[in-house]
Amino acid sequence: MPDRANSLFDAATIARRWAAEYCAHSLAGDVLCDAGDRAPWLAALEELAAAAGDSLDHARERAQQQAEDVGLGRRIPGESEERRWPLSPVPLLIASDEWQAIAAGIVERAELLETVTADLYGPSRLVSDGAIPAALVTGSPLFLRPMVGVTPPGGHHLHFLAADLCRDGDGRWRVLADHLRAPEGAGYALENRLAIARTLGGLQGRLNVRRHAPFFAAMRDGLAAACRRSEPRIGLLTPGRLDPSYAEQAHLARYLGFLLVEGADLAVRNDQLYVRTIAGLKRIDALCRRVDPRRLDPLAFDSRSTIGVPGLIDAMAAGNVVIANAPGAGMLEAPAVAAFLPALAERLNGAPLQLPNVATWWCGQPAERAHVLANLDQMVIAPAFGPVPLGLPGCKAVPGAALDADARRLLAEDMMRRPQDYVGQEAVQLSTLPFVDGERLEPRPFTLRVFAARDADGNWAVLPGGFARIGNQTDTRATVMGEGSWSADVCVHGPDPVLPVSLLPQANTIELRRNPGTLPSRVADNLFWLGRYLERGEALLGALRVLLGHSISADTGAALDDPTVARLVTLIAQANAAPAPAGRRRRELVEFARAAIDGDDAQWHNVRRINRLAAGIGAISRDRLSADMLRLLDAPHPTRGGLLDRAGSLQRRYAALAGLSAEHMARTDAWRFHDLGRRLERALAITRALATFVTPEATADDLSTLLDLADSQISYRQRYLTGFARLPVVDLVALDPGNPRAIAFQIGAIGDHLARLPVLSDSGLAEPQQALAVEVQAMVATATAASFDTAAVTALEGRLMQLSNAIATRYFLQGAEPLRGTGLTLA
């Protein structure tokens, strides 16, 4: 105990020193230095010091590592690879009484936005009465005319929303922007909390930090309550893996138990929405969408959309699918609308907004345009509806004071031509919070994103905290900060203890089941090919390691005229792993192996490319794979050490992935498709190796190499004390069902998987892929080592390729094919 007491004393001393040094050079309006009670902030800094000692830089790295372990990532538009999620180790702290006022203001705002949206797409009295200019509505690219008169299922246009808040120098909270189309960030808030809880383990208990789980439970229950069925199937509609927030979407879907689906996974039939699964079409009752509403349905909106679902709006209009949020609701997130919200609140609620907007003037009105031009130096000029107008080239918003004479002239000219495209907004100075910069705490401006969702009763629940965006510069102007470069957890704390809450239901409130749920065809396809790529990479790497063993054992510079080496090179070259070497000298063979392991992966199907393809599947399967498996898939290609060292490192990675899939994946249909891919690819690899090395003139070296490729050397030597012989090798590698590397074992596993997968008919007859698997099993079961010649091996390879095609035809998406509904009761 004395050691722990000393540790806590040291952490408290360090925390007080950090706070004193920080406040000595902080800015006015800082949340720590202006706090009436600094005890919560000192507690947070103490936890940071206890976790990382006196090194703030180490604390930041620790938080970053925890974020990576959770699976946080982000993609910049235009980039193919994800970046690390930038998480600050210092959370933003908000007292519970201050938060209560924020939450009340968000609820009031959500109700106001719902009322206005329902009116604009319904009776439109606010327009006819002059409260909202008609040009603001009909001229907005966010207004979706096909939605006029459509009453959304459940009666609500908005189910989920986000708002960006700022805290000014006087400590007042105001709204910078609303997000209604596809509000993103709730998953990031959840992941930030998980990472910070692991970094600052004692903070939750010391400050009674409010938990996130009740909000997400309310969000899930609210969507379910809006559906017609008592046990609805809910999907999260994503644009795909290249979307900047795809990682967050996958994490949120997994946490909430939603199906992560893309447009191609879905189909509309008779005004019902279905997901294409391995068991046929299954009904979808609600979609939490992240797709731009204009791309949701090519029949209703943008006909060029390739990521939407034809007929989706008809299904919604028929009341058969809830879409959160309803298409068209995003019109109210346009900056131009913010100019009218204060008056609308007074009109509809009889009181001003509890959380006021940043003051906004829409230039589509003559008096407001004149006011903006006359006060340009005190304004921020921004697009009114999103698209950047000609007067603001290359930027979304700009302080008027930063414009030179030519820029002002161009702005004024375009504002006269198209005044409706501009708004002027009050220039806001943001509060700051402590940010780790090297070994110092520096003040950085921040904004707060807050989330609200409807619960099962239709009331609004507000996520306690959200997440903060932190600017990378000390300039506290909101325009300069933009979207921020870092994020921080937001902890709402108070004097009352917080009971632990989880999304896990009470033991007596849920019916037990062992059915893992719906498996979309696209997911089955991805897992199948993940298994094939991993097995293909492992087989290729095994062949290269055998080749390197041959070449390294030879005398330096000597040509390797051994026919076995020539056959091995041919096997690798036929896999399109690398261009065949010009000769057989040791140096040429080593260069050939190097190209097949880590050469140009744009032209050749080498190990590097196979791993890249597998990592790509892992990136779109975050909701299905464990964090350990994702980390191994995404691990960088080894570059250190010699070629054999790098090959060994890759081999260990393949072995770890195989172990995770064998021991950590539940025996669900998802696992069966992953294992199907592995078994089929392994059978093909051994078949091709047999065709290459088991010829009438096969030598002992050929047979030994084949055993190496089939990883069966030990098994052979345990059975046969004499040397290598063709028939025993063929029997062990091809026909022995007890050898887990043999063809017979793979085909037996394939047949078992296909027999256990869903069928589309209750006739009891085998489906084509099942019948073909039985035929292949019979080919191998009735073969003998003596009859298993080159012709038999070639015929088996052809049958295996046919089986692969039959599996794809039956279970996977085939372009726009509506699919597999014949004979099914669609559920």
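The following legends describe close-up views of salt bridges and of one strand with its neighbours in a predicted model.

**View 1. A salt bridge within helix H15 joins Arg 409 and Glu 413**. The closest N and O atoms of Arg 409 and Glu 413 are 3.4 Å apart. Both residues belong to helix H15 (residues 405-417), where four residues, about one turn of the helix, separate them. Arg 409 is partly exposed, its relative accessible area being 42%. Glu 413 is likewise classed as partly exposed, at 35% relative accessibility. The pair is one example from a total of 46 salt bridges in the model.

**View 2. A salt bridge between Asp 702 and Arg 567 links distant parts of the chain**. The closest N and O atoms of this pair lie 2.7 Å apart. Asp 702 is located in helix H24 (residues 700-709) and Arg 567 in helix H18 (residues 563-574), and the two residues are 135 residues apart. Both Asp 702 and Arg 567 are buried, that is, each has under 20% relative accessible area.

**View 3. Asp 628 and Arg 631 form a salt bridge in helix H21**. Their side chains meet at an N to O distance of 2.4 Å. The two residues are separated by about one helical turn, because they stand three residues apart in helix H21 (residues 627-634). Asp 628 has a relative accessible area of 40% and is therefore partly exposed. Arg 631, with a relative accessible area of 38%, is also partly exposed.

**View 4. Salt bridges with shared partners form a network of five residues**. The members of this network are Asp 168, Asp 170, Arg 172, Arg 174 and Glu 426.

**View 5. Strand E6 is covered on both faces**. In a regular strand, side chains alternate between the two faces of the sheet. In strand E6 (residues 234-237), Ile 234 and Leu 236 lie on one side, while Gly 235 and Leu 237 lie on the other. Each of these four residues is buried.

**View 6. Strand E6 runs parallel to strands E11 and E7**. Four bridges connect E6 with strand E11 (residues 286-289), and Gly 235 has Leu 287 of E11 as its bridge partner. Three bridges connect E6 with strand E7 (residues 259-261), where Val 261 is the bridge partner of Leu 237. Between E6 and E7 the chain passes through helix H10 (residues 246-256), and the resulting β-α-β crossover is right-handed.

How values were computed. Residues numbered from 1 in each chain as written. Predicted model: local features only at pLDDT ≥ 70, side-chain atom pairs only at ≥ 80, totals over all residues. Heavy atoms only, no water. Salt bridge = Lys/Arg side-chain N within 4 Å of Asp/Glu carboxyl O. Buried < 20%, exposed > 50% of the residue type's maximum accessible area, 1.4 Å probe, protein only. Pairing = 2+ DSSP bridges. Right-handed = clockwise from strand over helix to strand, strands pointing away.
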